[in-house]
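Visitor: I'm new to looking at proteins. Please pick one part of this model and take me through it slowly, up close.

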Amino acid sequence: MISNYIKLAWRVLGRRKFFTFISLFGISFTLGILMVIFSFLQGELGNNAPNSNKDDLILIETLRLQRIYYDTIPVVDTVMLNGQEIFDTTMETRRRGASRWNSSMNNGIAEEFLQDLPSAENVTIFNGDTQHDVYVNGIKLTLQTLYSDANYWQVFDHQIIEGRTFDDTDMENVAQVTVISTKTAQEYFGTTDNIVDRELLLDGTNFKVIGMYQDKSKIIPFISPDLVIPYSNMTLANQDSYYHGYFTTVIQKRSDVEPDVVKNEILTAATMIPMDHPSKPEGYNEVILMAKTYNEMYAQGIYSDDDASKSLNIMKWVLLGLLTFFIVLPTLNLINLNVSRIMERSSEIGVRKAFGAHQGNIIFQFIIENIIQTILGGILGLGIAIVLMKFINTSGFLGTNTMVFNTKFFIYSFLLTIVFGVVSGFLPAYRMSKLNIVNALKENKI
Amino acid sequence: MIKLDNISKIYRTKTIETTALNEIDLHVPKGEFLSIMGPSGCGKSTLLNIMGLLDLPSSGNILVDGQSLKNFNGKQLAKFRNEKLGFIFQSFHLIPDLSVIDNVELPLLYRSISAKERRSLAAAALEAVGLANRKSHFPNQLSGGQKQRVAIARAIVGKPDIILADEPTGNLDSVMGDEVMDILIRLNRENKTTIVMVTHDERMAKKTDRLVRLYDGTQVA
């Protein structure tokens, strides 16, 4: 029976070429785009080098100094007591507002208060906001420079192609050394061969290249800087205050610990920061270290909210909404197309019922036809995704970051298309299966 | 074989009530070739549809081999149609996307029969109507007479006890009509298949065992 249905489905698809094209286009395009989006998100948010520890990272980009204003509100009332009017006044204190001063933190705060958190496996401090303009053969090249400590190389597992990374000794000695990306090597030196020991001129200072890592273009700059220099080379004396400065701290937690545990430890650590330093602005009486997970930080970049976890939740809902939209829209389209397609075959349904098909047989037949159609759409979608990814990878839209086809996601998407094949086939098939035989035969379209 | 007991069929709309069949009593014994005649709109096809369990009567009872079908549900009726009845329609109703042999196989799809056996039964049915050499063709590659022979093969492939034919020669010229009629007569004579045929053609009706005439939903002869 199934082979008969498959044969029929194949012929029906071939007979109604335009309809088939519209249906297959909807399914395959949806699936193709979904796979490309997922591949991009996986590249950005997946646990892959140099961000393999992504799920264990807690970032502190902001130190907030805060003061809260309170109003005291007297409520004056009178009561009668023993025939005498007396005053009954109450005082109420209410929070009126707060003054907040957000900035990146001073490295001293990170070194003093964030190095020994119980749940931390590793801590790195860096500044990733600096850009240097350099000139190569008269052409300007803007380099994204990261000033970091030696731990950066443990937290972020860049693939070292040549040489080495800098260590604590280099930090202490204020060594004028740098580790550069393959992209920088290519752009600055015109090659990625024998880069070590060459010199790179930045702001009048020659930095000796001691290593080179594989470039991975990511949106977040500190994941894929153009070059990394020990932060001891920065002029730290220029930092604003004891509290604020140039630095971001990233804590790599132990993988058996929940992020909230570390966040709480950070909150506690913040309470240890003295509030009597002369550089503290007048009136501020609280310091908060704004900790967030990597995904929360990413989401905050797209939808900014003071509460990073809220940003992440909103981003999740938006993504889920988009995913639903991408799936529901073609499903509705398919249902609509299927209704008209199946309606056209009402006399066939009449004949089948006359010769002994019951409601279930009719539903089964049309669902099989739909599944075949969606499987074809799925295979085409796979093709579209591969072609799109190849195009994006070769066009360099994502820099040196490459999209990788994800088999697991393809299987999930494929199963999903089969599900919407069943769903979009079931409703019209169910409706038509209830068709009165005599009326169906009167349609006489066959 | 088939017994219609006081069958009426009334179509109702909000304002109009139309009696298509009015208290029909009819008995078709096993092996009989019965024809039904009457002017257009007299209820011939309605009667045939009710006998074929394609439509339900408004009142009355249908008995096949003494068994009342009144309380059958949809699935039971489908099974009954599949095993006991075969249909031939005026406009053939072949499925254009299926080859001739696939069309003939159709009633067997709803039985527990292997694909191989299905194939061989369908081939035998096509052989019986003289179309063995056309099994891979598609309906649009056949003449009207050939299409009706395919439809007959489809009706007989499941070896039903009863064949219900609704103007089987109505869309054919006289030569092709005679060919189709000869096949039906042969089926009736050789296989003892009970056949009920609706026709407008007096000449064809005369070839059958008995003629029933309807007028305005009432049996007049």
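Guide: Let's begin with a word we will need: the angle between two axes counts as roughly parallel under 35 degrees, roughly perpendicular from 65 to 115, roughly antiparallel over 145, and oblique for the rest. Keep in mind as we go that this is a predicted model.

Now find helix α9 of chain A, residues 308–343, and helix α11 of chain A, residues 359–395. Their axes come within 12 Å and cross at roughly 130°. α9(A) and α11(A) are therefore oblique to each other, and their crossing is right-handed. On the α9(A) side, the contact is made by Leu334(A), Asn338(A), Arg341(A) and Ile342(A). On the α11(A) side, Phe366(A), Glu369(A), Asn370(A), Gln373(A) and Thr374(A) take part.

α11(A) has another partner to look at. The axes of α11(A) and helix α12 of chain A, residues 407–433, come within 7 Å and cross at roughly 150°. This crossing is also right-handed. The residues of α11(A) that meet α12(A) include Phe366(A), Asn370(A) and Thr374(A), which also take part in the contact with α9(A). Among the α12(A) residues in this meeting are Phe414(A), Ile418(A), Gly421(A), Gly425(A) and Ala429(A).

From here, let's move to chain B and to a place where the two chains come together. In helix α3 of chain B, 10 of its 10 residues are buried, so look for a helix that is mostly covered. The buried residues run from Val100(B) and Ile101(B) through to Leu108(B) and Leu109(B), and they include Asp102(B) and Glu105(B). What do they pack against? Chain A contributes α1 and α10, and chain B contributes α2, α4 and α5.

One of those neighbours, α4(B), deserves a closer look. α4(B) covers residues 115–128, so you can follow its 14 residues over 20 Å from the first C-alpha to the last, close to the 20 Å expected at 1.5 Å a residue. Which of its residues are buried? They are Arg118(B), Leu121(B), Ala122(B), Ala125(B) and Leu126(B). These buried residues cover an arc of only 140° around the axis, which puts them on the same side of α4(B). The spacing makes sense once you know a general point: an α-helix has 3.6 residues a turn, so residues three or four places apart point the same way.

Turn α4(B) around and you will find exposed residues, Lys116(B) and Glu127(B), on the face turned away from its buried side. The cover over the buried residues includes α1 of chain A, along with α3 and α5 of chain B. After α4(B) comes Gly130(B), with a positive phi near 75°.

Next, step back along chain B to the loop between β6 and α3, where Asp97(B) has its place. Asp97(B) is buried, with a relative accessible area of 3%. Leaving out residues up to four places away in sequence, Asp97(B) touches Leu8(A), Arg11(A), Val12(A) and Arg15(A), and also Phe138(B). Phe92(B) is found in the loop between β6 and α3 as well. Phe92(B) is not a glycine, yet its phi is positive, at about 65°. Phe92(B) is buried too, with a relative accessible area of 11%.

For a contrast, visit Asp216(B) in the loop between β9 and β10 of chain B. Its phi is near 50°, again a positive value in a residue other than glycine. At 54% relative accessibility, however, Asp216(B) counts as exposed.

Asn49(B) gives you one more link between the chains. You will find Asn49(B) in helix α1 of chain B, where it is buried with a relative accessible area of 15%. Not counting residues up to four places away in sequence, Asn49(B) touches Val438(A) as well as Leu54(B) and Asp55(B).

We can finish with two prolines in chain A. Pro50(A) sits in the loop between α2 and β1, and a cis peptide bond with omega of about 5° joins Ala49(A) to Pro50(A). Pro274(A) belongs to the loop between α7 and β13 and counts as partly exposed at 30% relative accessibility. Beyond its neighbours within four places in sequence, Pro274(A) is in contact with Phe113(A), Tyr242(A) and Tyr243(A). Pro274(A) and Tyr243(A) are 31 residues apart along the chain, with their C-alpha atoms separated by 9.7 Å.

Note on methods. Residues numbered from 1 in each chain as written. Chains lettered and ligands numbered in written order. Predicted model: local features only at pLDDT ≥ 70, side-chain atom pairs only at ≥ 80, totals over all residues. Heavy atoms only, no water. Helix = DSSP H or I, 4+ residues; strand = E, 2+ residues; numbered from the N terminus. Buried < 20%, exposed > 50% of the residue type's maximum accessible area, 1.4 Å probe, protein only. Arc of directions from axis to C-beta. Contact = heavy atoms within 4.5 Å. Axes fitted to C-alpha atoms, helices over the stretch in contact; angles between N-to-C directions. Left-handed = near helix turned anticlockwise from the far one by under 90°.
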